[in-house]
Amino acid sequence: MVSPLTTTFIQSTILNAIANILAQIIDHHRKSKSTFTPNLPALLQFITYGIIIVPPNFIWQRYLERRYPGFLFRGASSSPSTTNNNNNNFSPPSRTSTPNGTTKRGGPGPGIGEIYISIPDPTSTVLLKEKKTPHNFLPAQQHRRTRGGWYNFLMKFLLDQTVGSVGNIVLFIVLINLLKGVGVGGVWGLVVEDFKPIMIARLKYRPIVSLLMYTVVPVDRRVVFGSACGVIWGVYLSLYAVV
């Protein structure tokens, strides 16, 4: 059985390769009318970058789903009515009383000619625990346990647009330039110089991708879905990388 991470590796690599080849074709026809020849070093650099970023993005999407589970319009935790029904089905221990005043716990039913009356047993520890249960959770705690839907969607959406975007852009600039042979000092200068325009370009498409990811796409397919939607984005990044 192929793991979700392995599937993501394969699919993302194929999509990144397609994006880079498209970028090379666009760049070639923009600069020259001669026959197109693929730039294999540039292709391998971009594929290597894509392979490196798959695990952190895979882990990031799983973290977001674990921290803020569920899809839009669907709660993250079990329905409170289920808990209420379970509580309603609780039957406290009882003891039986006979006409002569003796009591009996459990055991066989009444004999011939005997009448038993079942009454709740006030000394039962189970009954006492059941009475105390509603006081263990404050209203605010119950709200946090059942909170989902819009709240979880907005948290995932905002974190993906901020923390996720910043991390991915910095990783891209650093990795692609290191793979091209740029020194560490030069890489930091490129991060400072190129971060803003790439962030602005990312914000033009990523919100739509995130909206779809956090409403209909399963967590193990989100990296691949992002790569599929980001073929155009991959072309942009490949052009940045000077294919």
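Buried means under 20% relative accessible area, exposed means over 50%, and partly exposed falls in between, computed with a 1.4 Å probe on protein chains only. Keep those cut-offs at hand for this tour. The model is predicted, so local features need pLDDT of at least 70 and side-chain atom pairs count only at pLDDT 80 or more, while totals for chains, interfaces and linings use all residues. Residues are numbered from 1 along each chain as its sequence is written, and side-chain values use heavy atoms, with hydrogens and water left out.

**Stop 1: the whole chain**

Show the protein as a cartoon. There are ten helices and three strands. Helices (H or I, at least four residues) and strands (E, at least two) are DSSP runs, numbered from the N terminus. Follow the chain from the N terminus and the order reads α-α-α-β-β-β-α-α-α-α-α-α-α. The protein has 243 residues, and 33% of them are buried. Now think about contacts, meaning heavy atoms within 4.5 Å. Take those with a separation of 6 or more: 77% are between residues 24 or more positions apart.

**Stop 2: helix H1**

Select residues 4-31, which form helix H1. Show the side chains of Asp27, Arg30 and Lys31. Is Asp27 buried or exposed? Asp27 is buried, because its relative accessible area is 11%. Arg30 is exposed at 58% relative accessibility. Lys31 is exposed too, with a relative accessible area of 62%.

These side chains meet in salt bridges (a side-chain nitrogen of Lys or Arg within 4 Å of a carboxyl oxygen of Asp or Glu). Asp27 pairs with Arg30 at 3.2 Å, N to O. The two are three residues apart, about one turn of the helix. Asp27 also pairs with Lys31, and here the closest N and O atoms are 3.4 Å apart. Lys31 and Asp27 are separated by about one helical turn, because they are four residues apart in H1.

**Stop 3: from H6 to H8**

Next, select Asp160 and Arg206. They form a salt bridge whose closest N and O atoms are 3.0 Å apart. Asp160 is in helix H6 and Arg206 in helix H8, so the pair ties together parts that are 46 residues apart in sequence. Both residues are buried. Look back at H1 for a moment: shared partners join Asp27, Arg30 and Lys31 into one salt-bridge network. How many salt bridges are there by this rule? The count is six.

Add Ser165, also found in H6. Ser165 is buried, with a relative accessible area of 0%. A polar atom of the Ser165 side chain lies 3.1 Å from the backbone oxygen of Gln161. Leaving out residues up to four places away in sequence, Ser165 touches Asp160, Met199, Arg202 and Arg206.

**Stop 4: helix H2**

Select residues 40-67, helix H2. H2 has 28 residues, which should span 40 Å at 1.5 Å a residue; its end C-alpha atoms are 41 Å apart, which agrees. The expected span is 1.5 Å times one less than the number of residues.

Where does H2 bend? The bend is at Val54, by about 30°, and Pro55 follows within four residues. That angle is taken between axes fitted to the seven residues ending at a position and the seven starting there.

Label two residues of H2. Leu44 lies in this helix and is exposed, with a relative accessible area of 54%. Its C-alpha is 9.4 Å from that of Asn20, 24 residues apart along the chain. Arg67 also belongs to H2. Arg67 counts as partly exposed, at 47% relative accessibility. The C-alpha atoms of Arg67 and Asn152 are separated by 8.5 Å, with their positions 85 residues apart along the chain.

**Stop 5: the nonpolar cores**

A nonpolar core is a set of buried Ala, Val, Leu, Ile, Met, Phe, Trp, Tyr and Cys residues joined through side-chain atoms within 4.5 Å. In soluble globular proteins, nonpolar side chains tend to be buried together.

Select Phe46, Tyr49, Phe172, Ile173, Ile198, Trp233 and Leu237. They have the most contacts inside the largest core, which has 23 residues. Helices H2, H6, H7, H8 and H10 each supply at least two of its residues. H6 gives the largest share, seven residues.

Centre on Leu237. Beyond its neighbours within four places in sequence, Leu237 contacts Phe46, Tyr49, Phe172 and Ile198. Another core lies apart from this one, with six residues, among them Leu15, Ala23, Val224 and Val231.

Note on methods:
A polar contact is a pair of N or O atoms within 3.5 Å; within protein, one must be able to donate a hydrogen and the other to accept it, and residues adjacent in sequence count only if both atoms are side-chain atoms.
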